[in-house]
Amino acid sequence: MLDPSRLARAARVGLGAGLAIAVCSAVALWTELPWVFPSLGPTAFLAFAAPAAPANHPRRVLVGHAIAVVCGAVAVRLFDVADIPAVLTQFDLPHLGAVTLALAATAAFAVLLDAEHAPAGATTLIVALGFIRHPRDLVLIEAAVLVLVLVCAALRRLGLIRPETAGPSGHVR
């Protein structure tokens, strides 16, 4: 039998993450612009699954993704892969260099600036691999993260997000 508190937490996490992505998706539908991208999913999930975790502080989320966008874009320019189609297979040396530099720089700057947020590592790869590359769309990444943070703040005020506590077994409840 499932623990009722686990069911309640699962409902809060699922509903919250779903609502947050739904808002960004609605903006994407309305504007016909890329307001939803793969690393936004783990950001939304973590915001509700572990809202009190230091990595989920709004400043870390916003700064972490901003660092990722900048590092990914700089790496694309440095390795001259801006005009090469996006890749997931058949890697070439320039893309290998771009993704390596982008992730290494993102990790280093995130630690340096106290902005560690793991989903930002995915954001930098999305940019370095060329899936999102137009300057306007790079700005939209950060705008979407901001919208997500604001939705999470609103849901927190409504009581949907609440810091979880660890029980005697160490499991979050």
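Start by selecting His95, which has its place in helix α4, and keep in mind throughout the tour that the model is a predicted one. With a relative accessible area of 0%, against the cut-off of under 20%, His95 counts as buried. If you then display the surroundings of His95, leaving aside residues up to four places away in sequence, you will find that it touches Val81, Ile84, Pro85, Val87, Ala128 and Leu129.

One of these contacts, Ala128, leads to the next stop, since Ala128 is among the buried residues of α5. Select residues 119–128, the whole of helix α5, and you have an element that is mostly covered, with eight of its ten residues buried. To see which ones these are, colour Pro119, Ala120, Gly121, Thr123, Thr124, Ile126, Val127 and Ala128. Adding α2, α3, α4 (93–112) and α6 to the view shows the helices against which the buried residues of α5 pack. Before moving on, step past the end of the helix to Gly130, which follows α5 and has a positive phi, near 90°.

Two of the helices now on display, α2 and α6, also take you to the largest pocket, where α2 (40–49), α3 (58–78) and α6 (135–157) each supply at least two residues of the lining. This pocket has a volume of about 150 Å³, and of the 13 residues that line it, Ala47, Asn56, Pro58, Val149 and Cys152 are the closest to its centre, so to speak the ones to select when centring the view. Helix α6 gives the largest share of the lining, five residues. Coloured by residue class, the lining of the largest pocket divides into nine nonpolar residues, three polar ones and one charged one.

Finally, zoom out to the whole chain. The secondary structure comes to six helices and zero strands, and from the N terminus on the elements run α-α-α-α-α-α. The radius of gyration is 17 Å, close to the 16 Å that the globule rule gives for 173 residues, so the protein is as compact as a globular protein of that length. Along its principal axes, the C-alpha trace spans about 55 × 40 × 30 Å.

With a surface switched on, the protein exposes about 9500 Å², of which carbon and sulfur atoms supply 71%, while 41% of the 173 residues count as buried. A contact map makes a fitting last view: among contacts with a separation of 6 or more, residues 24 or more positions apart account for 73%.

Definitions and conventions:
Residues numbered from 1 in each chain as written. Predicted model: local features only at pLDDT ≥ 70, side-chain atom pairs only at ≥ 80, totals over all residues. Heavy atoms only, no water. 1 Å grid on protein atoms, 1.4 Å probe; cavity = no way out; pocket = protein on both sides within 12 Å on 5 of 7 lines; lining within 4 Å. Points joined across faces, edges and corners; volume = space filled by probe spheres on them. Helix = DSSP H or I, 4+ residues; strand = E, 2+ residues; numbered from the N terminus. Nonpolar A, V, L, I, M, F, W, Y, C, P; charged D, E, K, R; others polar. Buried < 20%, exposed > 50% of the residue type's maximum accessible area, 1.4 Å probe, protein only. Contact = heavy atoms within 4.5 Å. Rg over C-alpha atoms; globule rule 2.2 N^0.38 Å. Areas by Shrake-Rupley, 256 points an atom, 1.4 Å probe, with all protein chains shown as cover.
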